[in-house]
Amino acid sequence: MIVVAGEALIDLVPRGAGALAALQPALGGGPFNTAVALGRLGSPTAFCSRVSDDAFGEALLDRLRATGVDVSSVQRGGEPTTLAVATLGEDGSAAYTFYVERTADRLFSAPAALPPGTRAVSFGTCSLVLEPGASAYEELMRTAAGQGVFTALDPNIRPGLIADADAYRARFKSWLSSVSLLKLSAEDAEWLGGTPREWLAAGPAAVVVTRGGAGLTAYTRDGSEYTVPGERVEVVDTIGAGDTVNAALLHGLAVRDALSGPALAALGPDGWSELLGFAARAAAVTCSRAGAEPPYPHELDG
């Protein structure tokens, strides 16, 4: 079982040009997208979050259930669902404005225990920024790491949500001792102001940096670097691409029985090349269609 911990929200995506373009609601949130992608790839997956009782919340849970994701660890609340209004650039890249005050996912509390059979827990995005839920997710991360569970982190920086950048950067560094695999975009890395080597020294067994169409690079503690190019594709938008990479990496490690620090270290050039190539293909499929629509296994043959 791979547990994905974090927010589920509604993306409002423009269906045209200009500030007043019609907005189409879409199911989203980085952790939610990661859970859906894992479910589609066939990994046993559970979602750990707090979701509203409103109609949007029901739609989010319906998508998870339809994808085979276990939602028994999801907490519920009467507060509204978080909204993220997307703005698409000419290259399909997405920027967001968030409506998060008094929303359900901010009131998440750390569960007493992880689901039976948990092999890995994935964290990231808004859930690690917005209090009081951020402290609860941090508690869950540290508890899981202390129990020897593989932990993955994608900070997925949303600057507009971070009131004190320096405080967040310091907090990010404090998480690294509890992280097995750090995945982040080149833009996130620049905003955080560190290097893969510095982060590896603080705890993770591997760091994966994504560079959009330029591909992915994995850095490991032994000083190795492994890079694969991006897959050529006509980009519709990039919504959910990084989340798909998260899922593909975790799924690929799970099928290789490599959800541990020593197993990551033992992957070697061939293993990393196959894993990163799989993640690049998965992200390309997501970018080739509107919204966060991750691939199914048959779309990744080869």
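A disulfide here is a pair of cysteine sulfur atoms within 2.5 Å. With that cut-off, a search of the whole structure finds zero disulfides. Before you start clicking, note that this is a predicted model, in which local features need pLDDT of at least 70 and side-chain atom pairs count only at pLDDT 80 or more, while totals for chains, interfaces and linings use all residues. Residues are numbered from 1 along each chain as its sequence is written, and side-chain values use heavy atoms, with hydrogens and water left out.

**Stop 1: the cysteines**

Select Cys126 and Cys48. Why is there no bond at Cys126? The closest cysteine sulfur, in Cys48, is 16 Å from the sulfur of Cys126, which is too far for a bond. Cys126 is buried, with a relative accessible area of 5%; buried means under 20% relative accessible area, exposed over 50%, and partly exposed in between (1.4 Å probe, protein chains only). Now add Cys287, which is in no disulfide either: its nearest cysteine sulfur, that of Cys126, is 19 Å away. Cys287 is also buried, at 11% relative accessible area.

**Stop 2: the nonpolar cores**

Next, colour the nonpolar cores, each a set of buried Ala, Val, Leu, Ile, Met, Phe, Trp, Tyr and Cys residues joined through side-chain atoms within 4.5 Å. In the largest, which has 53 residues, Phe47, Leu64, Leu253, Trp272 and Leu276 touch the most other members. Helix α9 (residues 268–287) gives the most to this core, with nine residues. Helices (H or I, at least four residues) and strands (E, at least two) are DSSP runs, numbered from the N terminus. Apart from this core lies another, of 41 residues, with Val3, Ala5, Val121 and Trp191 among them.

Centre the view on Phe47. Contact means heavy atoms within 4.5 Å. Beyond residues up to four places away in sequence, Phe47 touches a list of residues including Val4, Pro31, Phe32, Leu64, Val69 and Val74.

**Stop 3: helix α4**

Now show residues 165–175, helix α4, and pick out Tyr168, Phe172 and Trp175, which are buried. Looking down the axis of α4, you will find that its buried residues fall within an arc of 60°, so they line one face of the helix; the arc is that of the directions from the helix axis to the C-beta atoms. An α-helix has 3.6 residues a turn, so residues three or four places apart point the same way.

What do the buried residues of α4 pack against? Their partners are α3 (133–146), β10 (150–154), β11 (181–185), α5 (186–192) and α6 (196–202). Turn to the other side of α4 and you meet Asp166 and Lys173, which are exposed. At the N-terminal end, Asp164 acts as a cap, with a side-chain oxygen 3.3 Å from the backbone nitrogen of Asp166. A polar contact is a pair of N or O atoms within 3.5 Å; within protein, one must be able to donate a hydrogen and the other to accept it, and residues adjacent in sequence count only if both atoms are side-chain atoms.

**Stop 4: the β13–β14 hairpin**

Select residues 216–220, strand β13, together with β14: the two run antiparallel and are joined by four bridges. Two strands pair if DSSP finds at least two bridges between them. Four residues lie between β13 and β14 in this hairpin, and Gly223 in the turn has a positive phi of about 95°.

Which side chains of β14 (residues 225–228) are buried? Tyr226 and Val228 point to one face and are buried, while Glu225 and Thr227 point to the other and are not. Across from Thr227 in β14 stands Thr217.

Stay with β13 and click Thr220. Thr220 is buried, with a relative accessible area of 5%. Setting aside residues up to four places away in sequence, Thr220 touches Arg197, Leu200, Ala205, Ala206, Tyr226 and Trp272.

**Stop 5: backbone curiosities**

Most residues other than glycine have a negative phi, and most peptide bonds are trans. Go to Glu131 and Pro132, which are joined by a cis peptide bond with omega of about 5°. Pro132 lies in the loop between β9 (120–124) and α3.

Thr125 is found in the loop between β9 and α3, and has a positive phi near 65°. Is Thr125 buried or exposed? Thr125 is buried, with a relative accessible area of 6%.

For a last stop, select Arg102, in the loop between β8 (94–99) and β9. Its phi is positive, near 55°, and Arg102 is exposed, with a relative accessible area of 71%.
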